[in-house]
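Hi,

Here is the structure I promised to pass on. Have a look at it first, and then read my notes below.

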Amino acid sequence: MTDSPLRVLVIGAGTGGMALAHGLRRAGFEVAVFERDRTRSAGLHGYRVGIGPDGSSALKRLLPPELYETFKATCARPPRHFVMLTERLRTSIALPVRPAVDEESGERSVSRMTLRQVLFTGMEDVVRFDKEFTHYEQHPDGRVTAHFQDGSQETGDLLVAADGAGSRVRRQYLPHARVEDAGIISIAAKLPATPEALALLPDSVRNGIGLVLGPKGYTCILHTMEFPWDGEGRVKDGIGGNDAELVGQWPGLLFDNTRDYVNWGFWASTDKFPPDVMKRDGRELIDLVQEMTSGWHPALRELIRLGDPSTCFPINIRTSVPVPQWPTTTITLLGDAIHTMTPGQGVGANTALRDAALLTKRLTAFREGRLSLHDAVRGYETEMIRYGFEAVLASKRQTGGDQPIHRPYLGRLALAGMRSYFFVASRVPSMKQKMADAMHTHRGGDRDD
Ligand SMILES: Cc1cc2nc3c(=O)[nH]c(=O)nc-3n(C[C@H](O)[C@H](O)[C@H](O)COP(=O)(O)OP(=O)(O)OC[C@H]3O[C@@H](n4cnc5c(N)ncnc54)[C@H](O)[C@@H]3O)c2cc1C
């Protein structure tokens, strides 16, 4: 065991940075997290994140046991199916989402804000808000000083960039590591899950995740999120004993305004949108999606129309360009800061959590005297670069603007091919099973690292 308490500075209090901070604190490190958001509840973070086996097992390893239980208790009802639909709301195929056979497997739906509040719980002395990182200096002895917009600075033994896709740390440390447009723009909005809104959805989508694949590569994902608390933030009736207690006594709910909602996310290749799309306001964006989906089923168009303009925004989807491993120093990166990916496979947050668990494991080996700091960081980076960039490329293959589905003629053939495949697979149990298994595997099921 090394007796010098290594001081780790983490830039960014997002999913990966906070999970790492929990893990390192539990392993006996001195850790400080610096977040540019001004307050604990700032930002538009209410959207869904799907946490698969990779994410759950990382959280289990990193969070204090009771907080991990709170994470599970504050998730929305898990999806039962993954349903592919036509734009006329006809089901092409409904794949069962594997139920959790133990507490780390299966698929969980969580609101980004709720997860954020879970991760802030008990970390009030570790996270400093309103600290926008600007640049760092690395000293000859390896120590690193981080500088912030307000003129303050902090020095530590290791600096971890967890500052997301636009990472300033990465821009200074690895200027050759580029992030490029994936050629996709997405527009998303939420609406309260009122009985009227829910009635617009087919049953399978109410209980699961719907993916509408329309002509021209126009795609829309639908999530129904039902939480264990009601509109007033009180635990709903019928929530299982321990969960009701955990949610009831969790202070995070004071900062979390997430309530039951339906979320739609529409995307298409960038060339299909007007040039000023990124500047349009919520109402204009909803009108635009309605125009683009003029031939779609009226119920779907109504759901789009009901989107709350204040929750609607455009995202220019970006993807990292993989780089070879760099010389190891006392600065490292995790999550979107190094491997941002398109939402194609829904594994960005899961991969950030996997990074946090792996880095904690390697640094713990250093603390226990089994590895030098250099070897601990080097080993982490070797592994993270491999699986992180693999996920980047796989996500881009699934949701990239250069895919055949977005091309004028080829796109029609690709859509017809996909629909024929789903038609056959939905009738041949072994093919259907194979599709469901593949979905489970790329989200970290069956992995045991
Ligand atoms: C539409 C969409 C849907 C998605 N759905 C899923 C999904 O279902 N499942 C999944 O696994 N992933 C999903 N993702 C990806 C996921 O959101 C990200 O991969 C994940 O949030 C990355 O976590 P992170 O900790 O690396 O970065 P972030 O969560 O982005 O955190 C970065 C933090 O750093 C802070 N920061 C930034 N710059 C500075 C600075 N200069 N100084 C201080 N602080 C700073 C930010 O404010 C933020 O709090 C989705 C992404 C999108 C766009």
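What is the order of the strands in the open sheet of three strands? The order is β8-β9-β10, and the pairing is antiparallel. Before I go further, please keep in mind that this is a predicted model.

Back to that sheet. β8 (133-138) and β10 (153-156) stand at the edges, and each has a single partner strand, so one side of each has no neighbour in the sheet. From one strand to the next, the twist averages 20°. β9 covers residues 144-148 and is joined to β10 by four bridges, with the two strands running antiparallel. If you want a spot to click on, try A146, which stands opposite E154 in β10. As a bit of background, strands of a sheet pair through backbone hydrogen bonds, either parallel or antiparallel.

Next, the ligand. It is surrounded by 32 residues, and the closest are G12, G14, G164, G335 and G348. By character, the shell splits into twelve nonpolar, 13 polar and seven charged residues. Four elements each supply at least two residues of that shell: α1 (15-26), β3 (48-51), α11 (336-339) and α12 (348-367). Of the elements, α12 gives the most, with four residues.

α12 turns up again in the nonpolar core. The largest core has 107 residues, and the members that touch the most others are V10, I11, L20, L159, V169, L334 and A356. α12 contributes the largest share of this core, nine residues. In general, nonpolar side chains tend to be buried together in soluble globular proteins.

L159 is a good place to start if you want to look around in there. Leaving out residues up to four places away in sequence, L159 touches L9, I11, Y136, V144, A146, V169, T330 and I331. You will recognise A146 from the sheet, where it is opposite E154.

One last residue: is I221 buried or partly exposed? I221 counts as partly exposed, because it has 18 C-beta neighbours inside 10 Å, and 20 or more would be needed to call a residue buried. I221 is found in strand β14, residues 219-225. Apart from neighbours within four places in sequence, I221 is in contact with I209, L211 and G265. I221 and V83 are 138 residues apart in sequence, yet their C-alpha atoms are 9.8 Å apart in space.

Cheers

Terms used:
Residues are numbered from 1 along each chain as its sequence is written. This is a predicted model: local features need pLDDT of at least 70, side-chain atom pairs count only at pLDDT 80 or more; totals for chains, interfaces and linings use all residues. A residue is near a molecule or strand if its C-beta atom, placed from the backbone, lies within 6 Å of it. Ala, Val, Leu, Ile, Met, Phe, Trp, Tyr, Cys and Pro count as nonpolar, Asp, Glu, Lys and Arg as charged, and the others, Gly among them, as polar. A nonpolar core is a set of buried Ala, Val, Leu, Ile, Met, Phe, Trp, Tyr and Cys residues joined through C-beta atoms within 7 Å. A residue is buried if 20 or more other C-beta atoms lie within 10 Å of its own, exposed if 12 or fewer, and partly exposed in between; C-beta atoms are placed from the backbone. Two residues are in contact if their C-beta atoms, placed from the backbone, lie within 7 Å. Two strands pair if DSSP finds at least two bridges between them. Axes are lines fitted to C-alpha atoms, for helices over the stretch in contact, and angles run from 0 to 180 degrees between N-to-C directions.
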